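Student: Please take a close look with me at one spot in this model. I would like to begin with a single residue and work outward from there.

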Amino acid sequence: MTLLKKLQWSIGLLLFFFVLPVIAGQLPFNKQASTPMKQPEDKQVVFAATNLEEESELEKTKEKTEESTPESTPKSTSEPTKEQDPFKVLLLFTHSQEAYQPIVKAVSGKVAVYDDKTNIYNLQGAISKHFSMNGIQTDVLDVDVMKVMKSEGKTFTQAYNTVRPYLSNRLQEQSYNLIIDLHRDSAKRNATTTMHNNQSYARIAIVVGAEHKNYRWNTAYAESLSAAMNDIVPKVSRGVISKSGDNVDGRYNQDLAKEMILIELGGIDNTEDELNRTIAVIGKAIAKTFVTESKS
């Protein structure tokens, strides 16, 4: 090889190594290697955006479906709350003209324990008011029994038989949660009055006839009410008196309904204020003992 050719070859080789890095930088695989890889977060963002678009479409579809649903179609399957029936009490006054001496005297100046105008029958308004305040619906067997007896020439001992058909007919027409035959006791003031928180109350006694099939039912109602009253005002109830045998009725028409009781409300010497306080206690005790239980 001549010297000129060797020199040309050396110059060519030097040019090759000098140009090679420039040529290599233009190759495709080096461009890929120099381009940063997309991070996983980019894919997640795209995925989330896609889901939001799908959800938006679903919402639009749902709205269209609801708009096309007739208005009469209920959106809630929950049933409306059924209104509770009121607790119903029936009042009757077998000895309708039993009276309280202080009240009769204040009205007419007379001293009497029976009166055809001022008597226990006139307390029905006060009783209904106090019972209503305790959520109790009150009906009254509207018959002046002793007036009927006088017109028919009947004696005092026939009172329960006189009122019986009136009561029986009412119970066939309507049902009641509790039936109360209200009387005035003949006992004197010391037995029929009690003090509580510096106020006087007319005491009550509950009488149950023991000569009929409902006796135990009537007794259970009477004892429950008596206990509840004494919880409110100690000793306001004298307790439950069971009667049977000679010279007593033995039924007091309680055989007509197991929910029936007879209440002796105060005595001949009790005042109107004392009676009203006790009537309020009776209403509270009925609500506490029977109304709450019937709704649970």
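Student: Is Ala 285 buried or exposed, and what is its relative accessibility?

Tutor: Ala 285 counts as buried, at 0% relative accessibility; buried means under 20% relative accessible area, exposed over 50% and partly exposed in between, with a 1.4 Å probe and protein chains only. Before we go on, please keep in mind that this is a predicted model, where local features need pLDDT of at least 70 and side-chain atom pairs count only at pLDDT 80 or more, while totals for chains, interfaces and linings use all residues. Residues are numbered from 1 along each chain as its sequence is written, and side-chain values use heavy atoms, leaving out hydrogens and water.

Ala 285 belongs to helix 10, which covers residues 272-295; helices (H or I, at least four residues) and strands (E, at least two) are DSSP runs numbered from the N terminus. Beyond its neighbours within four places in sequence, Ala 285 is in contact with Leu 225, Ala 228, Met 229 and Ile 232, where contact means heavy atoms within 4.5 Å. Ser 226 is 59 residues away along the chain, yet its C-alpha atom and that of Ala 285 are separated by 8.3 Å.

Let us place that spot in the whole chain. There are 10 helices and 8 strands, and buried residues make up 38% of the 296 residues. Of the contacts with a separation of 6 or more, 77% join residues 24 or more positions apart.

For a contrast in exposure, turn to Val 113, which sits in the loop between helix 4 and helix 5. Val 113 is partly exposed, with a relative accessible area of 28%. Not counting residues up to four places away in sequence, Val 113 touches Gln 97, Glu 98, Ala 99, Gln 101, Arg 184 and Ile 268. Its C-alpha atom is 9.8 Å from that of Ile 103, with their positions 10 residues apart in sequence.

The loop between helix 4 and helix 5 also holds Tyr 121, whose aromatic partner Phe 93 lies in the loop between strand 1 (87-92) and helix 4 (101-108). The structure holds 5 aromatic pairs, and Phe 93 with Tyr 121 is an edge-to-face one, at 5.5 Å centre to centre and 85° between the planes. Rings of Phe, Tyr and Trp (its six-membered ring) pair if their centres lie within 6.5 Å, and planes under 30 degrees apart count as stacked, over 60 as edge-to-face and the rest as tilted. This pair links distant parts of the chain, 28 residues apart. Phe 93 is buried at a relative accessible area of 1%, and Tyr 121 counts as buried at 13%. Elsewhere, Phe 87, Tyr 221 and Phe 290 form one aromatic cluster.

Rings meet charges too. The charged end of Lys 88 sits over the ring of Tyr 176, 5.3 Å from its centre, and Lys 258 lies over the face of Trp 217, at 4.1 Å from the ring centre. The criterion is NZ of Lys or CZ of Arg within 6 Å of the ring centre and within 35 degrees of the ring normal.

Now for a helix pair. The axes of helix 6 (residues 145-152) and helix 7 (residues 159-173) come within 10 Å and cross at roughly 110°. That makes helix 6 roughly perpendicular to helix 7, a label for 65 to 115 degrees, with under 35 roughly parallel, over 145 roughly antiparallel and the rest oblique. In this contact, Val 145, Val 148 and Met 149 of helix 6 meet Ala 159, Thr 162, Val 163 and Tyr 166 of helix 7. Lys 147 is also found in helix 6, and is exposed, with a relative accessible area of 56%. Between Lys 147 and His 95 there are 9.7 Å in space, C-alpha to C-alpha, and 52 residues in sequence.

Finally, check two backbone angles. Asn 198 has a positive phi near 65°, in a residue other than glycine, and Asn 247 likewise has a phi near 65°. Asn 198 is in the loop between strand 4 (193-196) and strand 5 (199-202), while Asn 247 is in the loop between strand 7 (237-243) and strand 8 (260-265). Asn 198 is exposed at 76% relative accessible area, and Asn 247 is exposed at 84%.

Key. Axes are lines fitted to C-alpha atoms, for helices over the stretch in contact, and angles run from 0 to 180 degrees between N-to-C directions.
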